[in-house]
Amino acid sequence: MSQALTENPVVPINAPQPVTGERKGLTKKEIAADHPTWCPGCGDFSILALYFKLIEKRKLWHEKITTISGIGCSSRFPYFVQSHGAHFLHGRALPFASGVSLSRPDLHVFAFSGDGDAFSIGGNHFTHTARKNIKMTLVVMDNQVYGLTKKQTSPTSPLGFKSKTDTWGAVDYPINPSKQAIAVGATFVARTSASNPNHVLATMEAAMDHDGFSFVHCLSECVEFYEGAFDAANPRKGGAFNEIPKTHDVTDELAAYKLAGADFPGNFGIFYKVNKPTKNVKEVEINKAAQSKFAGQKDWQILQKTFDRMK
Amino acid sequence: MSDTVSDAPTAGGAKKVSRISEAVIRIAGNSQDGIQAIGGFLARLAGRSEQEVMTFMTIPSTISGGPSIFQVRIGSGEVLTSGDDADVLLAFYQHSYEGHINSLKKRGVVLYDSDHVTPKPEWENDYRHVGIPISSLTVEAIGGTAKDKGKNIYSLGLIARMFDLNVTKLEKLIGERFTGKDASILNNALAAFHAGYANSPSNLLETFQFAESQKKGVPQVVMNGNEAIAFGLIAGGVRFGAGYPITPWTDIMEILRRELPKYGGSFIQCEDEIASISMALGASFAGRVAVTGSSGPGISLKTEAIGWAVMAEMPLIVINVQRGGPSTGMPTNIEQSDLNIATFGGHGDAPRVVLAPANVEDCFYMAIEAVNVARKYSVPVMFLTDQGIATRIEAFAAPDLEKVCQDITPDLTPVPAHKPYDLSASDGVTQHVKPGTRILDGKYPIATGLEHDEYGHPTGSPKLHMQMNAKRRKKLQAFGATLPVPKIYGPPEGNVLLVGWGSTEGPLCEAVDRSRAAGDSVSSLHLRHINPLPNGLENIFSGFNHVFVVEMNDEGLYGYGQLGAVLRARYCEAKIQGINKTDGLTWKVKEILENIKTKLRQ
């Protein structure tokens with residue numbers, strides 16, 4: 001039998017890592033690739049720096065990381081990281097990342113996206129990747145505006161936001177990404193803000209460790225087209241960074257939904273976290289059941305059995 | 001069946017026993033009568049009897065019911081098409097009888113269910129009528145009202161009697177079909193079969209015996225085109241796929257979903273067409289050629305991602321089981337109108353490989369070729385079949401699976417350095433290292449849809465855009481140069497050359513045979529590689545006065561079908577003309593012959 005993709009002999013990432021004596025953990029210099037093309041002051045710089053820190057802290061190797069994105073300012077991300085990267089279509093990072101996750105259990109799969117990419121053009125995939133609980137981490141850098149195309153209304157723009165497509169102020173009700181994620185069955189839903197680096201790092205780490213689809217909604221200010229959008233969530237700008245109370249039961253879906261629904265600036269931290277079998281595991285189980293009848297046989301012998309019935 | 005060899009001595013009361021080398025049987029009823037099952041049994045029996053066989057079916061696009069036919073042509077010699085006209089028409093209803101009597105040869109036998117069909121006196125001279133109360137005899141045989149269930153198997157018994165088919169083999173086939181089901185179901189089926197077979201041959205006017213097959217000793221497998229593709233992909237080493245249901249592609253995804261787990265692979269049903277090609281590309285990026293596929297509108301939805309695969313140079317197989325278009329079009333009809341979208345679909349300059357298998361056996365081997373071409377040239381491969389070949393059953397020599405099955409497990413050995421888009425690569429041919437591979441110089445690649453430098457990082461450089469466009473073009477030109485000049489069917493020089501592609505190979509070859517038998521100078525050329533085209537076609541064209549490109553698509557604004565327009569653009573050859581139709585049905589040989597005559601008069 002050839003090497004099965006869903007049962008890779010390469011050690012799965014949630015198995016204990018072997019001791020790798022000769023290799024030291026990567027330094028920030030080794031992880032960084034192109035200098036980011038973002039505008040000075042963009043919130044995305046902070047998230048990139050914390051992704052580097054995550055790789056450094058958790059001693060991840062270049063070759064074990066896949067950094068995947070769609071289209072938008074946020075989605076330039078893979079070019080700035082020394083890892084196996086893919087810059088895919090607008091809105092389609094999640095199904096692409098699902099293809100990686102389902103065929104290679106030995107890899108870390110990180111997808112980076114923006115509010116337009118994840119919730120507008122890619123909205124359908126957000127729903128279905130979450131409900132299937134495909135193992136990966138999705139970080140959405142939400143600036144509540146289309147930045148790359150220079151200031152159009154986004155699906156998270158608040159009512160009244162003046163953009164080039166709503167010069168009189170946005171009229172469409174914005175979506176609440178965390179509520180949506182909980183409602184469609186995501187098993188890890190957290191909210192953070194680029195203005196609070198320690199919180200971002202802790203959230204990304206918890207997301208990475210979650211065995212399932214983990215969604216991190218990260219506020220990330222666009223200083224060019226929506227300056228001051230998140231001041232109310234930034235204590236340095238006179239706002240309040242309200243962390244979810246320690247007493248919150250992260251497995252309580254209704255409580256999570258309520259916390260996620262609070263008016264802006266809302267709450268930060270892990271709203272919801274439950275353990276459900278991932279699609280990855282379910283597919284492996286399907287394979288094991290199917291293969292149990294063919295133990296020790298080569299692929300051509302299995303196919304021969306099928307052809308013998310087609311005579 | 002026209003080639004009756006001799007009249008054998010009368011047996012068992014039948015008026016006449018004729019030895020035949022082939023027969024065309026058309027079964028007409030409604031889609032829920034199980035007529036496909038009869039056809040399937042006959043096709044499998046032919047396969048096991050080392051005969052050639054080809055089937056043709058139509059299905060309504062309604063959810064349940066509606067007229068439907070299944071035609072099967074069985075031959076002891078070569079069978080190229082499912083046959084223009086039937087020798088025997090089995091008609092279950094008045095509409096089946098009236099709607100299909102025209103497809104019967106003059107003096108052919110119409111076997112009708114006299115419970116439902118009232119024959120028309122004006123047709124009784126032209127066709128030999130045999131009325132049998134199939135519905136009530138089935139009920140008599142297996143009891144119950146059963147809403148006409150079982151009359152298909154009863155009819156199979158009738159046909160078995162009429163053509164002196166091998167009863168033991170048919171019983172075995174029926175047994176295999178109902179394996180795992182309740183024993184009473186199998187017993188009922190066998191009871192219905194024997195009741196049909198027990199019909200006195202004297203009722204049947206004439207019975208037939210097939211001549212010995214000319215290809216004794218060759219074990220065969222029997223399957224339709226969709227099955228051949230699915231198993232070809234598995235043999236080729238594909239272990240991941242993703243798709244969304246749409247007719248007539250769906251069978252392939254159902255087979256792969258069921259079969260791939262046996263091989264440690266997975267086929268994922270996605271939320272939409274775009275997600276499926278994206279997921280397949282993710283899996284290809286992750287290390288092994290993946291497959292997606294669709295039909296009609298689904299292909300349109302995938303075109304953006306195909307452009308990405310061209311730009312990112314990602315291997316991928318896209319199966320396109322063509323149906324009538326545009327838009328929702330004619331979902332269960334045959335058409336060859338996706339050559340343009342397969343070859344040119346999408347924005348920008350996006351060269352990709354387009355393959356079109358010519359028959360069911362070719363579906364199997366060409367699927368393996370698609371895997372290897374996609375891998376070698378790191379390019380998306382469009383695999384064009386159509387509704388006709390998808391559902392057509394053929395028997396072909398059983399492949400030597402130990403030899404053809406291949407393992408394409410990714411190699412994750414560390415490399416010193418890697419440029420995914422190395423411009424110095426010979427003929428522009430490069431492959432990606434797979435994620436999980438350590439790159440010792442610490443520079444990791446990006447697969448991207450942006451124009452890029454050799455590492456996959458974005459560039460706005462006009463020079464690099466031109467170089468990368470040339471790289472993506474040159475590798476396909478290099479592939480084109482490896483293709484053998486296709487063989488001409490018939491003499492290499494003459495008056496008329498018919499050019500076809502995809503599923504029309506059989507009717508074209510038969511058109512050549514019949515033309516030549518009538519003294520006309522006609523040959524044919526069949527293209528399986530659509531993009532790039534093989535070299536050397538101009539030399540072939542130069543040997544003929546007329547080149548007629550026969551396609552099941554519209555003649556277009558300027559009078560040429562889709563392949564015809566490509567060939568004219570490529571060769572600037574004024575003698576290339578089109579023979580086109582879009583009636584949603586496969587070419588009948590006589591239609592091709594009539595079209596040749598009309599074209600030659602023009």
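Trainee: What percentage of the 311 residues of chain A count as buried?

Mentor: This is a predicted model, in which local features need pLDDT of at least 70, side-chain atom pairs count only at pLDDT 80 or more, and totals for chains, interfaces and linings use all residues. Residues are numbered from 1 along each chain as its sequence is written, and chains are lettered from A and ligands numbered from 1 in the order in which they are written. A residue is buried if 20 or more other C-beta atoms, placed from the backbone, lie within 10 Å of its own, exposed if 12 or fewer, and partly exposed in between. By that count, the buried share of chain A is 51%.

Trainee: Which residue of chain B stands opposite A:Gly85?

Mentor: Strands here are DSSP runs (E, at least two residues) numbered from the N terminus, as are helices (H or I, at least four). Two strands pair if DSSP finds at least two bridges between them. Strand β2 (residues 84-87) of chain A runs parallel to strand β18 (residues 446-448) of chain B, with 3 bridges joining them. Opposite A:Gly85, in β18(B), is B:Ile446.

Trainee: Which helix gives the largest share of the side of chain B that touches chain A?

Mentor: Residues are in contact if their C-beta atoms, placed from the backbone, lie within 7 Å. On that basis 60 residues of chain B touch 53 residues of chain A. The largest share of the chain B side, 10 residues, comes from residues 273-286, helix α9 of chain B.

Conventions:
Contact = placed C-beta atoms within 7 Å.
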